[in-house]
Amino acid sequence: VRAQFAFVVMVLASHGASACPLCHTETGRAVRSGIFDGRFVPTLLEVVAPFPILAAVAAFLHGAPRDRR
Amino acid sequence: MRTRRPLISAGALLGMGLGGFVDGILLHQILQVHGMLTARLPKDSVAAVEINMFWDGIFHAFTWLLTVLGVALLFRAARRDPDPSTRTFVGALLLGYGAFNTVEGFVDHYVLHLHHVVERLGPSMWDVVFLASGLLMMAIGTALVRSDAPVRHTVCSDASREQHRP
C-alpha cells in the first residue's frame, strides 16, 4: 500500500518535462549546453562526414566513362 | 547516342537520400535502436535524448539535401531523355542506397564510432549486416546498370522534341 501511495504521489507530483533546444527550462539549458559546447564544430564535422564522400561517389558516377547506351 | 550519366547520378543520389531516410526513420525513430551519437551519449536522460535528436536532425537535413539534388538531376535527366531505362534507374537507386549503407556504416560505425546499429549491444553483428547489405545492394545495382543493353539512339534535342510534341 505504501509503495502504491508513493507511486500515485510521484505520478501526481511530476510534471511534463519541457525540453527542447529553445526551451527556457533547466532541461532546455542542459540540451543547449550539450549541443553548443566546445565540441560543436568537431561533432558537426563528424556527423556530416559521410555526405562529402557520398557526393563524391555521385560525382564519380556522373563522370564515369562507358555510360552510353 | 544518348548518355545515361544524368539518370545514373540522379538515381544514385535519390538512393542515397532514401537510404538515409530509411536509416533515420526506421532505426532512429521507429525502432529507436540507436541515435546519432548514442555510442558517446547514451539516451539515459531527457537532455541526452534531445541532444541526440538535434544531431539526428542535422543528419536528416543533409540527407534531404542529397534527395533534393537527386530530384533536380532526375528532372534534368528526364528533359534530356524522355524515355529513360527503368533497369538503369532501379540499378542506380540500389547503387546509391548501397553506397549510403556502406559509407555511413564504415564511417560512423567503424571509424568515428558515433553509434552502432543496435546500441545496447555495442559493436555487433548488426554493424556487419548493415555494411554487408550496403555492399550487396551496390553489387546488385551495378549489375543492373551494366546489364542494361546498349542501344543506339539519336540525341533528342529540345528543338526536335518541340517538333514532335502534339
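## Salt-bridge network between the chains

In this predicted model, Arg39(A), Glu46(A) and Arg40(B) are joined in a network of salt bridges; a salt bridge is a side-chain nitrogen of Lys or Arg within 4 Å of a carboxyl oxygen of Asp or Glu. Glu46(A) pairs with Arg39(A), with the closest N and O atoms 3.4 Å apart. Glu46(A) also forms a salt bridge with Arg40(B), where the closest N and O atoms are 2.6 Å apart. This second pair crosses between chains, running from helix α3 (residues 40-47) of chain A to the loop between α1 (5-30) and α2 (46-80) of chain B. Helices (H or I, at least four residues) and strands (E, at least two) are DSSP runs, numbered from the N terminus.

Glu46(A) has a relative accessible area of 16% and is therefore buried, the classes being buried under 20%, exposed over 50% and partly exposed in between (1.4 Å probe, protein chains only). Both arginines of the network are partly exposed: Arg39(A) has a relative accessibility of 41%, and Arg40(B) has a relative accessible area of 38%. With neighbours within four places in sequence left aside, Glu46(A) is in contact (heavy atoms within 4.5 Å) with Arg39(A), Arg40(B), Asp108(B), Leu112(B) and Leu114(B).

## A salt bridge within chain B

Over all chains, a search of the whole structure finds three salt bridges. One of them joins the side chains of Arg4(B) and Asp148(B), at 3.8 Å from N to O. This pair links distant parts of the chain, 144 residues apart: Arg4(B) belongs to the segment before α1 of chain B, and Asp148(B) to the loop between α4 (125-147) and α5 (158-164). Arg4(B) and Asp148(B) are both buried.

## Aromatic residues

The structure holds seven aromatic pairs over all chains. Rings of Phe, Tyr and Trp (its six-membered ring) pair if their centres lie within 6.5 Å; planes under 30 degrees apart count as stacked, over 60 as edge-to-face and the rest as tilted. The ring centres of Phe36(A) and Phe40(A) are 5.2 Å apart and their planes stand at 40 degrees, so this pair is tilted. Phe36(A), at 49% relative accessibility, is partly exposed, and Phe40(A), at 21%, is also partly exposed. Phe36(A) and Phe40(A) form one aromatic cluster with Phe54(B) and Trp55(B).

Phe59(B) lies in helix α2 of chain B and is buried, with a relative accessibility of 1%. Apart from neighbours within four places in sequence, Phe59(B) is in contact with Val47(A) and Phe51(A), as well as with Gly20(B), Met36(B), Phe100(B) and Glu104(B). Phe59(B) and Phe21(B) are 38 residues apart in sequence, and their C-alpha atoms are 9.5 Å apart in space.

## Nonpolar surface patch

Phe106(B), Tyr110(B), Val111(B), Leu121(B), Met125(B), Trp126(B), Val128(B) and Val129(B) make a nonpolar surface patch of about 780 Å². Patches are made of residues with over 30% relative accessible area and no salt bridge: like charges are joined within 9 Å, nonpolar side chains (Val, Leu, Ile, Met, Phe, Trp, Tyr) within 5 Å. Accessible areas come from the Shrake-Rupley method with a 1.4 Å probe; for residues, only the protein chains shown count as cover.

Helices α3 (86-111) and α4 of chain B each supply at least two residues of the patch. The most comes from α4(B), which gives four residues. Trp126(B) is placed in helix α4 of chain B and is partly exposed, with a relative accessible area of 47%.

## Chain B as a whole

Chain B has five helices and zero strands, in the sequence order α-α-α-α-α. Of the 166 residues in chain B, 48% are buried. Among contacts in chain B between residues at least 6 apart in sequence, 76% join residues at least 24 apart. The accessible surface of chain B is about 8,500 Å², and 70% of this surface belongs to carbon and sulfur atoms.

## Confidence and conventions

Chain A has an average pLDDT (the predictor's confidence in each residue, from 0 to 100) of 82, and 75% of the residues score at least 70. Among the elements of chain A, helix α1 (residues 2-13) has the lowest mean pLDDT, 68, and α3(A) the highest, 98. Where pLDDT is low, the predicted coordinates should not be read in detail.

Residues are numbered from 1 along each chain as its sequence is written, and chains are lettered from A and ligands numbered from 1 in the order in which they are written. Local features need pLDDT of at least 70, side-chain atom pairs count only at pLDDT 80 or more, and totals for chains, interfaces and linings use all residues, while side-chain values use heavy atoms, with hydrogens and water left out.
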